[in-house]
Amino acid sequence: MAPILGAMALLRDIGSLVVVALALAGCSGGAEVRLEAAPAVAPTPTAALGEALAPPLAVVPEARSESAVAAEPTGVVGRDGVGDSLYAQLGNSGYDVTHYDLDIHFSPDDLDGPGTIVARATIAAETTDDLVSFNLDLSGLDVSAVSVDGRAATFDRSGSELTIVPAEPMPSATEFVTVVDYAGAPAPVSVEETSPVNGWTPSDGGVFVAGEPTGASGWFPVNDHPSDRASYTITVTAPDDLVVASNGILVSQDAHEDGTTTWRYDAAAPMASYLVTLAIDDLIFVEQGTFDGVLLRHAFARELAEAARADTERLPEVLEYYTSVFGPFPFDVYGHLVVDRPFSAALETQTLTVFGSDTVAGTGMLTNIVVHELAHQWFGDAVGLADWGDLWLNEGFATYAELLWFEHDGMFTRDQIGPLIVGNGFPLAPPGRPDPTDLFSPSIYFRGALTLHAIRLTVGDEAFFDILRGWTAAFGGATATTDDFIELAEAASGQTLRPIIEAWLYDDVMPELPPAG
Ligand code: TRP
Ligand code: ZN
């Protein structure tokens, strides 16, 4: 059984009214996702090169000539990973991306396939090392040309690594623009075959993107790690009978004589690559007014629109409550993207959560998945991960946010939360040490949530909500680590919390919850 769905079944077995209420409210916020550790990647020439060089970085011998007035610039070969604690191969070293400009021409398949794209990615970045070459992540697709700062660059493909050698080495702290021309049929990217969806996915008559922790590199060249966040401009040209939805604000929509339309989206807030989404399908947009200046705008697969709209009816109420306990909504737009394909989950893609068709309830009642994904906009999206090993900062918080909402809505009291989760006694591994082959395990969600509950019972509600608001205020728009959280929680509450938090996150045996006070 899928880990998250399994956990929810166990929860339902507890048999209390509270649990029945929670179960009625919807299914899990999690997905069936299993991953393999990154080192399983075959030692391709590039990977082998990267491994041989890291760490420490190999310094390319200086090409000095006696007669040269200035020394030739020197540098290092950027590595093919950022050194993530779980997935060493994700992302790349040596630079930071500031902006991705993706220009994609999409042709659908006759059959329900992925379609094909002809695309150009323009990537603005800054070096963090003296570089003679650097890598982007790109899986499949054909690259026809690469340039750096307008000059043709040589490139090499190996597995999911695109290695680029600019015409000249680049010293550290240099801003540079890379243009990659590429084409082909995008495909999911996974380090594990059994994940429900991993990036570019055909729906019934269209395509959409949902992939965590990987997937982005199946449709654009990217530094595919959440530590390197950037703004995005996403421009898609597609046949007129299809509608394009993506992150951020729709800034233009231009119809052409050839029967295609170009849609351009601007996502200005820094965003991790796994939070980029796109749907090209028979969608309809539904606007729901604004909340505190935040535009509520949804994109629903036409067939599902009525039911999907019912799921969003109470969103303003949740926003009212969440903004009071988490702080202002971090973006200028939010909506549901409901696609016509079941995948037993939703993904908190920034400003536009993607929901699988089988998560739509259509009852007018809030499901826990709806409030879970909304909470991720603060926890996971605005405050981002620097390392996949800290995933509890996303999933523990979003799961606890579900419980907070249902408590607020009168479904149960604060002191029922502990028994609700702990009561059935199923084993929960330490969430601060995730298993890279089972990243989205129930322990990350439920013991992660209990970690927050233990803090709340220790410091009391007032200090607890100060911690939550302090967290989004201090780290919104940036990445953060577990250590950052511990330090902030101690500073905001004035209490020593490190031993309690570390026991909840790292001890093999799950601690007892403190007595409710
Ligand atoms: N982050 C998602 C959630 O809990 C779960 C998830 C992980 C997911 N990987 C995914 C959903 C891939 C869709 C696709 O809300
Ligand atoms: Zn989640």
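## A loop residue: Thr351

Strands, as the word is used here, are runs of at least two residues that DSSP assigns as E, and they are numbered from the N terminus. With that in mind, Thr351 can be placed in the loop between β20 (346-347) and β21 (352-355). The model is a predicted one, and every statement in this report should be read in that light.

Is Thr351 buried or exposed? Since buried means under 20% relative accessible area, Thr351, at 7% relative accessibility, counts as buried. When residues up to four places away in sequence are left aside, Thr351 touches Asn247, Gly248, Phe331, Val333, Tyr334, Gly335 and Gln377.

## The zinc site

The zinc ion (ligand 2) has as its protein donors His372 and His376, each through NE2, and Glu395 through OE, and these lie 1.8 to 2.0 Å from the ion. Along the sequence, the spacing of the donor residues can be written as H-x3-H-x18-E. His376 belongs to helix α6 (residues 368-376) and Glu395 to helix α7 (residues 392-408), so this pair ties together parts that are 19 residues apart in sequence.

How accessible are these two donors? His376 is buried, its relative accessible area being 0%, and Glu395 also counts as buried, at 1% relative accessibility.

## Two helices that cross

Helix α5 (residues 315-326) packs against helix α10 (residues 461-475) at an angle of about 90°, and their axes are 7 Å apart. An angle from 65 to 115 degrees counts as roughly perpendicular, and α5 and α10 are therefore described as roughly perpendicular to each other.

Which residues meet where α5 and α10 pack? From α5 come Tyr321, Ser324, Val325 and Phe326, while α10 contributes Phe465, Leu468, Arg469 and Thr472. Sorted by class, the contact of α5 with α10 has 5 nonpolar, 2 polar and 1 charged residues.

## An open sheet of strands

In general, the strands of a sheet pair through backbone hydrogen bonds, and the pairing can be either parallel or antiparallel. In this model, 8 strands form an open sheet with mixed pairing, and their order is β6-β5-β9-β3-β2-β12-β15-β14. The edge strands are β6 (151-152) and β14 (249-255), each of which pairs on one side only.

At the β6 edge, strand β5 (residues 142-148) and β6 pair in the antiparallel sense over 2 bridges. To follow one bridge at the level of residues, one can look at Ser147, whose bridge partner in β6 is Ala152.

Key:
Residues are numbered from 1 along each chain as its sequence is written. Chains are lettered from A and ligands numbered from 1 in the order in which they are written. This is a predicted model: local features need pLDDT of at least 70, side-chain atom pairs count only at pLDDT 80 or more; totals for chains, interfaces and linings use all residues. Side-chain values use heavy atoms; hydrogens and water are left out. Axes are lines fitted to C-alpha atoms, for helices over the stretch in contact, and angles run from 0 to 180 degrees between N-to-C directions. Helices (H or I, at least four residues) and strands (E, at least two) are DSSP runs, numbered from the N terminus. Angles under 35 degrees count as roughly parallel, over 145 as roughly antiparallel, 65 to 115 as roughly perpendicular and the rest as oblique. Contact means heavy atoms within 4.5 Å. Ala, Val, Leu, Ile, Met, Phe, Trp, Tyr, Cys and Pro count as nonpolar, Asp, Glu, Lys and Arg as charged, and the others, Gly among them, as polar. Donors are N, O and S atoms within 2.8 Å of the metal (3.2 Å for Na, K and Ca); water is not among the atoms, so sites may look incomplete. Buried means under 20% relative accessible area, exposed over 50%, partly exposed in between (1.4 Å probe, protein chains only). Two strands pair if DSSP finds at least two bridges between them.
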